[in-house]
Amino acid sequence: DDASLVDAPLSALGIQQATNVALNGLLTNLESVELVVVSPLTRTLQTMQHAVLPKLKKHVPILAHPQSTERVYTASDTGRPVAELLDAFEHVEMMQTVNFN
């Protein structure tokens, strides 16, 4: 609940809720999923890991893309360095924003 936490992870309750999504069959028809795109924020990666990943029927690429994150209103919406995220979520490909200017 502390809005000053940078890249706040899910709480124990949040992890349980994400796990329950997978266990309770709330996600269906994932057989045809060919790509998972997720925000590179820790809490969204954790939600994907606990709710979506167990329900996928086959191996699909998982792409963490910075443009899929919500707008930055608090420190908790600011992500961690890619190297740190790769250590915690090694099965996810991390995209970095490219500046074409």
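In this predicted model, the buried residues of helix α2 are covered by several elements, including α1 (12-23), β1, β2, α3 (82-88) and β3 (93-94). The residues of α2 that are buried in this way are Thr42, Arg43, Leu45, Gln46, Met48 and Ala51. The helix lies across β1, β2 and β3, and its direction makes an angle of about 150° with that of β1.

The strands that α2 crosses belong to an open sheet of three strands, arranged in the order β1-β2-β3 with parallel pairing. Because β1 and β3 stand at the edges and have a single partner strand each, one side of each is left without a neighbour in the sheet. Between β1 and β2, which run parallel, there are three bridges, and valine 36 is found opposite isoleucine 62 in β2.

What, then, has the most contacts inside the largest nonpolar core? This core has 14 residues, and those with the most contacts inside it are Val36, Leu45, Met48, Val92 and Met94. At least two residues of the core come from each of β1 (36-38), α2 (42-52) and β2 (62-64). In soluble globular proteins, nonpolar side chains tend to be buried together. Methionine 48 can serve as an example from the core: when its neighbours within four places in sequence are left aside, it is in contact with Val36, Val38, Leu53, Pro54, Ile62, His91 and Val92.

Another part of the picture is the meeting of α1 with α2, whose axes come within 7 Å and cross at roughly 35°. The residues of this contact divide into five nonpolar, four polar and no charged. On the side of α1 they are Ile15, Ala18, Thr19, Val21 and Ala22, which meet Gln46, Thr47, His50 and Ala51 in α2.

Threonine 47, which has its place in helix α2, is one of the residues in that contact. Is threonine 47 buried or exposed? Buried would require a relative accessible area under 20% and exposed one over 50%, so threonine 47, at 32%, is partly exposed. With its neighbours within four places in sequence left aside, threonine 47 is in contact with Leu10, Ala18 and Val52. The C-alpha atom of threonine 47 is separated by 9.7 Å from that of proline 9, although these two residues are 38 residues apart along the chain.

Asparagine 29 lies in the loop between α1 and β1, and it has a positive phi of about 60° although it is not a glycine. Asparagine 29 is exposed, with a relative accessible area of 59%. The table sets the two residues side by side.

| Residue | Place | Relative accessible area |
|---|---|---|
| Threonine 47 | helix α2 | 32%, partly exposed |
| Asparagine 29 | loop between α1 and β1 | 59%, exposed |

Finally, the protein chain can be described as a whole. It has three helices and three strands, and read along the sequence these follow the pattern α-β-α-β-α-β. Of the 101 residues in the protein chain, buried residues make up 30%. Among contacts between residues at least 6 apart in sequence, 83% join residues that are at least 24 apart. The accessible surface of the protein chain comes to about 6,700 Å², and 55% of this surface belongs to carbon and sulfur atoms.

Key
Residues numbered from 1 in each chain as written. Predicted model: local features only at pLDDT ≥ 70, side-chain atom pairs only at ≥ 80, totals over all residues. Heavy atoms only, no water. Core = buried A, V, L, I, M, F, W, Y, C linked by side-chain atoms within 4.5 Å. Buried < 20%, exposed > 50% of the residue type's maximum accessible area, 1.4 Å probe, protein only. Helix = DSSP H or I, 4+ residues; strand = E, 2+ residues; numbered from the N terminus. Contact = heavy atoms within 4.5 Å. Pairing = 2+ DSSP bridges. Axes fitted to C-alpha atoms, helices over the stretch in contact; angles between N-to-C directions. Areas by Shrake-Rupley, 256 points an atom, 1.4 Å probe, with all protein chains shown as cover. Nonpolar A, V, L, I, M, F, W, Y, C, P; charged D, E, K, R; others polar.
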